[in-house]
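Here's a quick briefing to read with the structure open beside you. Take it topic by topic and click along as you go.

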Amino acid sequence: MAGDSNATRTRLLGAAFHEFAEHGLAGARVDRIAAAAGANKRLIYVYFGNKEQLFDRVIEHCVAEGTEAVPFDVDDLPRYAGALFDHLVARPDLMRLLTWKQLERPGEVHPDTAASWQGKLDVLSAAQRRGHVEPALDPADILNLTLALAQAWFTAAGDMARISSPSAAAPSEGRSRQRAAVVETVRRMTTPQDR
C-alpha cells in the first residue's frame, strides 16, 4: 500500500510539474493534473493540500533535483555555471516553471530550500576567506549573479536571443557561444583580483 501511495505521489508531482510549467499556478487545473497522473483528484488534497501547496511542493522538488543534478562546486564556480546552463538547456520547461514561480509566488521559500542556499553562502564565504574566490563581492551577490548568468539566455526576450545568434549559425553553435560567455563571465567575476 505504501508503494502505491508513493507511486501516486510521484505521478501527481510529475503531472503537476508539466501543468504548472505550461499554465502557471493561476491557469493550472487540478482536474487536468489528476487526469494526467491517472489519479483521483481528491488525492491531490490528501497528499499536498491545496493547489498553492502543490505548486510549492513541485518547486521544492525541482530545486532538490537540480541540486542533485548540478552539485554546487565552490572550487570551480565557472564550471558550476556551465553545468547549470546545460541543465536548463536540457529542461526548458523548468525555466518556464521558475518564471511562473517568480511571477505568481515571489518570496515563497521552502525551509529546505532556504537551508540549501544558506549552506552555499557559508561555503562561498569560507572560499573567500581562503582567497579562492574574489572577496570584494558579497557571497549572496556572487551566488545570485552566478544563477542569473546561467539563466540569462533563457530569460532574455526571444528577440534578443535571436539577434545575438545570427540565423546562419546552427542553434547548437549559438548555445555553445552563450554557454562560453556565461562560464567566462563567472570566471572573471569570481577569480580574485590579485591573481
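What follows is a short tour of the fold, the cores, the helix contacts, the aromatic pairs and a couple of buried polar or charged residues.

Keep in mind that this is a predicted model. The protein is built from 10 helices and zero strands, and 36% of its 195 residues are buried.

**Overall layout**

- Reading from the N terminus, the elements go α-α-α-α-α-α-α-α-α-α.
- The C-alpha trace spans about 60 × 45 × 30 Å along the principal axes.
- Take the contacts in the protein with a separation of 6 or more: 66% of them link residues 24 or more positions apart.

**Nonpolar cores**

- As background, nonpolar side chains tend to be buried together in soluble globular proteins.
- The largest nonpolar core here has 26 residues, and those touching the most other members are L12, F20, I33, I44, L54, V58 and L97.
- Helices α1 (2-27), α2, α3, α4 (51-69) and α6 each put at least two residues into this core.
- Helix α1 is the top contributor to this core, with eight residues.
- For a closer look at one member, pick V58: setting aside residues up to four places away in sequence, V58 touches L13, A16, F17, F20 and L97.
- There's also a second, separate core of 19 residues, and among its members are V70, A81, I142 and W153.

**Where α2 meets α3**

- Helix α2 (residues 30-37) packs against helix α3 (residues 41-48) at an angle of about 100°, and their axes are 8 Å apart.
- With that angle, α2 is roughly perpendicular to α3, because anything from 65 to 115 degrees gets that label.
- On the α2 side the contact uses V30, D31, I33 and A34, and on the α3 side K41, I44 and Y45.
- Sorted by class, the contact of α2 with α3 has five nonpolar residues, two charged ones and no polar ones.
- I33 and I44 turn up twice in this story: they take part in this helix contact, and they're also listed among the best-connected members of the largest core.

**Where α5 meets α6**

- Helix α5 and helix α6 (residues 92-104) pack at an angle of about 95°, with axes 4 Å apart.
- That makes α5 and α6 roughly perpendicular to each other as well.
- H87, L88, V89 and A90 of α5 make the contact with P92, L94 and M95 of α6.
- By class, the contact of α5 with α6 has six nonpolar residues, one polar residue and no charged residues.

**Aromatic pairs**

- How many aromatic pairs does a search of the whole structure find? It finds four, and two of them are described here.
- Y47 and F48 make an edge-to-face pair, with 6.3 Å centre to centre and 80° between the planes.
- Within that pair, Y47 is partly exposed at a relative accessible area of 21%, whereas F48 is buried at 11%.
- F85 and F154 make a tilted pair, with 5.3 Å centre to centre and 50° between the planes.
- F85 sits in helix α5 (residues 77-90) and F154 in helix α8 (residues 139-155), so this pair ties together parts that are 69 residues apart in sequence.
- F85 counts as buried, with 1% relative accessibility.

**H87 and D93: buried or exposed?**

- H87, found in helix α5, is buried, with a relative accessible area of 18%.
- Why does 18% earn H87 that label? Because buried means under 20% relative accessible area.
- Not counting residues up to four places away in sequence, H87 touches G66, A69, V70 and L94.
- One of those partners, V70, is a member of the second core, while L94 is part of the α6 side of the contact with α5.
- D93 lies in helix α6 and is also buried, with a relative accessible area of 15%.
- Leaving out neighbours within four places in sequence, D93 is in contact with F17, H18 and A21.
- For a sense of distance along the chain here, the C-alpha atoms of D93 and E104 are 16 Å apart, with their positions 11 residues apart in sequence.

Note on methods. Residues are numbered from 1 along each chain as its sequence is written. This is a predicted model: local features need pLDDT of at least 70, side-chain atom pairs count only at pLDDT 80 or more; totals for chains, interfaces and linings use all residues. Side-chain values use heavy atoms; hydrogens and water are left out. Axes are lines fitted to C-alpha atoms, for helices over the stretch in contact, and angles run from 0 to 180 degrees between N-to-C directions. Angles under 35 degrees count as roughly parallel, over 145 as roughly antiparallel, 65 to 115 as roughly perpendicular and the rest as oblique. Contact means heavy atoms within 4.5 Å. Ala, Val, Leu, Ile, Met, Phe, Trp, Tyr, Cys and Pro count as nonpolar, Asp, Glu, Lys and Arg as charged, and the others, Gly among them, as polar. Rings of Phe, Tyr and Trp (its six-membered ring) pair if their centres lie within 6.5 Å; planes under 30 degrees apart count as stacked, over 60 as edge-to-face and the rest as tilted. Buried means under 20% relative accessible area, exposed over 50%, partly exposed in between (1.4 Å probe, protein chains only). A nonpolar core is a set of buried Ala, Val, Leu, Ile, Met, Phe, Trp, Tyr and Cys residues joined through side-chain atoms within 4.5 Å.
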